[in-house]
Amino acid sequence: MNERRLHPFTVLRFLRKTLVVYLLPLVQVLFERNWTALHTALRQDALLFLLLCAVSWGILHVSSWSLDDTGVFHLHWRLGIRLDRALRGEMLAALTIDRPLLYRMAGASRLTLYPVGAAQKHTLSVCLSKADAEAVADQLMPLVNPTLHRPAGGERAALGFLGANGLSTLALFVLAVRQTRDVPDWNPAVFAQIQVSFLARFAARWLLAAAGFLLGASLMRSFAQTVHYTVWHTADQIGSRGGWLGHFECRVRTSEISFADVRISPAARLMKRWPVFVTAGGCSPELPLFVYRSGEEALFRELLPEFRMPPDLLARTEQRSLIFFAPAGIPFALCLLLTLVSATVLPQLTVTLLIPTLFFGALLAGAAAGYRREGLWLREGRMTLRRQQGLYLHCICVFHPDVCLTAAQSPWAASVGRTNLTLTFPGWVKLKVRSVPLRDAENFFRFMETN
């Protein structure tokens with residue numbers, strides 16, 4: 001068993017958490033405001049940097065990893081005493097290999113191992129070279145005769161929205177630049193005469209341009225992650241890999257899948273492309289396992305044959321709690337009131353106030369959809385549920401038999417036969433369905449007792 005050193009990028013997380021330390025000497029410069037204080041602060045920063053580099057070198061020197069003859073992964077830590085952590089492949093629910101652009105340039109990979117039943121904070125994440133990370137992944141969760149698929153739904157959906165967002169952001173940016181050119185020369189006398197209307201239009205247009213730019217950056221990241229996307233499945237695994245600037249790979253043991261989630265959003269409805277997310281233990285990747293188009297349900301059934309979609313029914317809303325509308329309804333009512341008042345008192349601010357009003361209005365529309373659609377159903381021997389989060393409607397099918405059900409009732413909910421049902425999965429992943437009929441929750445309890 002040959003011990004090997006971790007990649008130098010292992011200390012990046014440590015250095016990132018200590019960035020605030022460099023700011024401490026600079027606080028004194030804010031009070032003294034002279035070159036002597038600045039030179040002293042820079043010297044102190046240099047000493048702190050050298051100290052943290054020495055600590056980083058110590059971390060790399062006392063830590064190592066190895067694979068023994070039986071394929072067990074060992075992580076070693078020697079600092080006064082020796083600490084070892086060992087993981088066998090059978091102990092893993094999933095693993096991920098993440099290679100952002102900076103890691104790719106340095107030939108590094110971040111390997112994250114998710115033990116069965118372990119929470120997210122108890123996962124094991126190490127930084128190895130690209131070849132070492134792939135070798136460890138193949139040893140712990142080998143791919144045996146994988147069947148490959150290359151769905152193009154996610155890539156085309158992200159590209160379509162990226163193009164639309166780019167055009168709208170460009171138009172908003174041009175309007176903002178034109179507004180900036182109209183700014184008068186800066187002097188106190190002229191500035192005192194600037195109308196509030198001009199400042200309001202100026203802020204509104206630049207705010208819209210900034211929001212469009214951030215949304216475009218998010219869509220660009222999504223598109224880069226979905227390029228060259230490949231999905232595979234074997235007799236005991238399912239996984240995917242892809243990415244353009246950064247590479248991401250996920251391998252999931254099918255027997256440890258807690259639940260599968262089809263997330264329906266307004267964008268997904270428009271493009272008719274449905275992302276499917278899989279959670280196993282503490283592994284809940286931010287990227288979908290795959291995206292399928294309407295009419296390609298055969299691929300979905302091949303990859304996840306045990307998945308059952310919740311029935312396309314409206315939930316029973318008799319005596320249902322109105323708590324669905326509180327998180328978005330309260331700020332929406334406040335923003336709407338301010339907008340209506342500004343229309344008569346200060347019309348220049350109306351457009352600016354419309355931005356948060358429309359945002360919370362969209363969230364309120366999502367809450368209304370959740371009020372009508374959120375619920376529990378038993379379908380073909382599977383527990384299925386539908387829950388709303390913001391603009392996303394989550395259609396979930398439970399796979400793992402080890403589920404903890406918790407029903408919580410307030411006095412009002414008990415009087416009308418309603419309850420909140422929380423499902424807790426291995427890895428302490430929780431799903432909450434709000435204000436469902438008590439008899440539906442009891443059906444879930446009886447199903448758990450008999451299966």
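Helices (H or I, at least four residues) and strands (E, at least two) are DSSP runs, numbered from the N terminus. With this rule, the protein has 14 helices and 20 strands. The structure is a predicted model, in which local features need pLDDT of at least 70 and side-chain atom pairs count only at pLDDT 80 or more, while totals for chains, interfaces and linings use all residues. Residues are numbered from 1 along each chain as its sequence is written, and side-chain values use heavy atoms, with hydrogens and water left out.

A good place to begin is confidence. The predictor's confidence in each residue, from 0 to 100, is called pLDDT. Its average over the protein is 80, and 82% of the residues score at least 70. Over residues 158–170, however, the pLDDT is below 50, although this stretch has 19 contacts in the model beyond near neighbours in sequence; a contact means heavy atoms within 4.5 Å. Residues 185–194 also stay under 50, and the model gives them five contacts beyond four places in sequence. Where pLDDT is low, the predicted coordinates should not be read in detail.

Next comes the overall fold. Of the 451 residues of the protein, 42% count as buried, where buried means under 20% relative accessible area, exposed over 50%, and partly exposed in between (1.4 Å probe, protein chains only). Among contacts between residues at least 6 apart in sequence, 59% join residues at least 24 apart.

Strand β12 (residues 257–264) offers a closer view, with seven of its eight residues buried. Two strands pair if DSSP finds at least two bridges between them. β12 is joined to strand β13 (residues 273–280) by five bridges, and the two run antiparallel; here D261 stands opposite F277. β12 also pairs with strand β17 (residues 392–398), again in the antiparallel sense, over six bridges, and the bridge partner of V262 in β17 is C395.

Helix α11 (residues 326–345) contains S342. This residue is buried, with a relative accessible area of 4%. Apart from neighbours within four places in sequence, S342 is in contact with P347, L349, T350 and L353.

The model also holds open and closed spaces. On a 1 Å grid over the protein atoms alone, a cavity is a set of points where a 1.4 Å probe fits but cannot get out, and a pocket is an open set with protein on both sides within 12 Å along at least five of seven lines; lining residues have an atom within 4 Å of a point. Grid points are joined across faces, edges and corners, and a volume is the space filled by probe spheres set on the points.

The second largest pocket has a volume of about 560 Å³. Of the 22 residues that line this pocket, L6, T10, R13, S125 and V126 are the closest to its centre. α1 gives the most to the lining, with five residues. By class, the lining has twelve nonpolar, four polar and six charged residues (Ala, Val, Leu, Ile, Met, Phe, Trp, Tyr, Cys and Pro count as nonpolar, Asp, Glu, Lys and Arg as charged, and the others, Gly among them, as polar).

Turning to closed spaces, the structure has two cavities of 30 Å³ or more. The second largest cavity encloses about 50 Å³, and its lining includes Y229, S240 and F248. Strand β11 (residues 247–253) gives the most to this lining, with three residues. Nine of the lining residues are nonpolar, one is polar and none is charged.
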